[in-house]
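Visitor: I should like to learn how to read a protein model of this kind. May I put some questions to you while we look at it together?

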Amino acid sequence: MTTVATAAPSPHQPVIQDTVRYLIKNYSPKGNRVGWLMMASILVEAWDLYSIAFVLVFIRDQYNPDPLLLGLAAAGTQGGALIGALIGGWLSDKIGRRVMFLATMIMFVVLALAQAFVPGVIWLIVIRFLLGIPLGSDISTGYTYIMESMAKGEREVMGNRWQFMFAVGEVLTLAVIAVFLVLDINHETVWRVTLGLGAVPALIILFLRHDVPETAVWLVKQGRFREAKVVARQMYNDPLDMLPDQDVKLSKPRPTAFLGDLRQDPIRWRATIYGWIACFAQASEFSTFAFYLPVLFAMVGVSSMLGNNLVTMLLFCFAALSGWVGPLLTPRIGHRGIAVAGFGIVLVSLLIAAAALYTGHKYILPFAAAGMLWGHYWDASNCMTIPTMVAKPEYRGTASGFAYMFVKLPSFLAIFLFPSLFAAIGQANATLFVAVFPLLGLLAAIFVLPEVYGYEHD
């Protein structure tokens, strides 16, 4: 391969920028398949993140760990994902999207299987922390693929479907556990098989992804024009004749330069700030929501473990419907519309729930909880889409991973801090406290977020 060294800034920058704009505007016949393959990996993440919550009681009964160790077993993947988001996003920009998504899927398979054979809680914590690293990395890599493989407008709808995929993954997890409980399988077998089964969808996705090429946008930005032309023929049926037929060597920006680059454009900067706030707000409201489920179950007379699973599964079926409808509405009402509606619904639902708890009208609580869940699957839909979309390709993985950090950090902390708060101040006060998070998101959607649906970048 011929490589021509050029100084920075490269004289090829104008044609590079024009080519990237051209690719983003054009429809890729295979882009939709790539988008769904990236979304499919969220099923694996949902399984690995949330299956532990449904089998934690079996692990506790078998090993009798102290509350701290039990909490770490549940939260370990969240902590690992925090690291994986930052490292994985940076590596996606540095060595490529394809290498990273193949690596993360291989790690998924190995570490998910390893969970099924741990000898004790300490090893389970270690394995789940390591498992969180590819979980966090895959989100940032997947979003960069979606934003660089689909045309503007389509990519936002696909990116906003991640909450739908989370709900589907949670429903599948609950359905499998419910079958195990009906069959009255040994509890140790249930939790080991449940955790280990995460390797199955990961292996399937790895097989389906193996022929997905590197994104043409990333190759163009790397100066690897020959490979970009090959990929463009495959994905767009276009040879990119505007590009030279030889590669060029381009200077690589520092990963941290993405912040300075964003601040040069008020629209991109405000959109990114909103993405960070929305990530934090939606993760906080959802992580604390779990502590209302026992109250909800008591309201509908549920006491058995199987009953708890079935009611939870019903809730997430409702959430999946919301997660499907929200992205379809985004082209009509925009990112601001879906964000304002989502955070507004959650805020109102929590205020109604708090009022019901204060006044003793607890029969209202199931309806308020359902409303909160519906709104959450809207307000969370675009918090990763927006900061990934507005970032330039050379920083996109880093920007996506940085945004995902604002999802994982509150998720990790809530597991440790909110139970104590819930117990200390009571259900009604805790519900009112949680309303701060959707209020923060709503204010950010109204006053910070510019409408960026269909945004075009270099």
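Visitor: Is Arg224 buried, partly exposed or exposed?

Guide: Please note at the outset that this is a predicted model. A residue is called buried under 20% relative accessible area and exposed over 50%, with partly exposed in between. Arg224 has a relative accessibility of 31%, so Arg224 counts as partly exposed.

Visitor: With which residue does the side chain of Arg224 form a salt bridge?

Guide: A salt bridge requires a side-chain nitrogen of Lys or Arg within 4 Å of a carboxyl oxygen of Asp or Glu. Here the N to O distance is 2.8 Å. The partner is itself partly exposed, with a relative accessible area of 26%. The residue that meets Arg224 in this salt bridge is Glu227.

Visitor: How many residues apart in sequence are the parts that the pair Asp261 and Lys392 ties together?

Guide: Asp261 and Lys392 form a salt bridge, with their closest N and O atoms 3.2 Å apart. Asp261 lies in helix α12, whereas Lys392 lies in the loop between α17 (385-390) and α18 (396-434), so the pair ties together parts whose separation in sequence is 131 residues.

Visitor: Is Asp261 buried or exposed?

Guide: The relative accessible area of Asp261 is 9%. The cut-off for a buried residue is under 20%. Asp261 therefore counts as buried.

Visitor: What is the distance between the closest N and O atoms of Glu156 and Arg155?

Guide: Glu156 is buried, because its relative accessibility is 0%. Arg155 is likewise buried, with a relative accessible area of 0%. The two residues form a salt bridge, and their closest N and O atoms are separated by 3.9 Å.

Visitor: How many salt bridges does the model contain in total, and which residues are linked in a network of them?

Guide: By the rule of 4 Å between nitrogen and oxygen, the count of salt bridges comes to 14. The residues linked in a network of salt bridges are Asp93, Arg97, Glu148 and Arg396.

Visitor: Let us turn to the helices. Are α4 and α9 roughly parallel or roughly antiparallel to each other?

Guide: Helix α4 covers residues 97-115 and helix α9 covers residues 199-209; they pack with their axes 8 Å apart, at an angle of about 155°. Their crossing is left-handed. Angles over 145 degrees count as roughly antiparallel. For α4 and α9 the description is therefore roughly antiparallel.

Visitor: Which description fits α2 and α4, roughly parallel or roughly antiparallel?

Guide: The axes of α2 and α4 cross at roughly 25° and come within 12 Å. This crossing is left-handed as well. Angles under 35 degrees count as roughly parallel. The term for α2 and α4 is therefore roughly parallel.

Visitor: Which helix gives the most residues to the nonpolar patch on the surface?

Guide: The patch is formed by Ile83, Leu86, Ile87, Trp90, Ile122, Trp123, Val126, Phe129 and Leu130, which together have about 770 Å² of accessible area. Helices α3 (67-95) and α5 (121-149) each supply at least two of its residues. With 5 residues, the helix that gives the most is α5.

Visitor: Is Ile122, a member of that patch, buried or exposed?

Guide: Ile122 is placed in helix α5. Its relative accessibility is 52%, and the cut-off for an exposed residue is over 50%. Ile122 therefore counts as exposed.

Visitor: What is the approximate phi of Asn64?

Guide: Asn64 lies in the loop between α2 (31-63) and α3. Asn64 counts as exposed because its relative accessibility is 60%. Its phi is positive, in a residue other than glycine, and the value is near 50°.

Visitor: Where is Asp184, which also has a positive phi, placed in the chain?

Guide: Asp184 is not a glycine, yet its phi is about 55°. With a relative accessible area of 63%, Asp184 is exposed. Its place is in the loop between α7 (162-182) and α8 (187-196).

Visitor: Lastly, how far apart are the C-alpha atoms of Phe367 and Ser349?

Guide: Phe367 belongs to helix α16, residues 365-379. Phe367 is exposed, since its relative accessible area is 65%. Phe367 and Ser349 are 18 residues apart along the chain, and their C-alpha atoms are separated by 8.4 Å.

Key. Residues numbered from 1 in each chain as written. Predicted model: local features only at pLDDT ≥ 70, side-chain atom pairs only at ≥ 80, totals over all residues. Heavy atoms only, no water. Patch = residues over 30% accessible without salt bridge, like charges linked within 9 Å, V, L, I, M, F, W, Y side chains within 5 Å. Areas by Shrake-Rupley, 256 points an atom, 1.4 Å probe, with all protein chains shown as cover. Helix = DSSP H or I, 4+ residues; strand = E, 2+ residues; numbered from the N terminus. Buried < 20%, exposed > 50% of the residue type's maximum accessible area, 1.4 Å probe, protein only. Axes fitted to C-alpha atoms, helices over the stretch in contact; angles between N-to-C directions. Parallel < 35°, antiparallel > 145°, perpendicular 65-115°, else oblique. Left-handed = near helix turned anticlockwise from the far one by under 90°.
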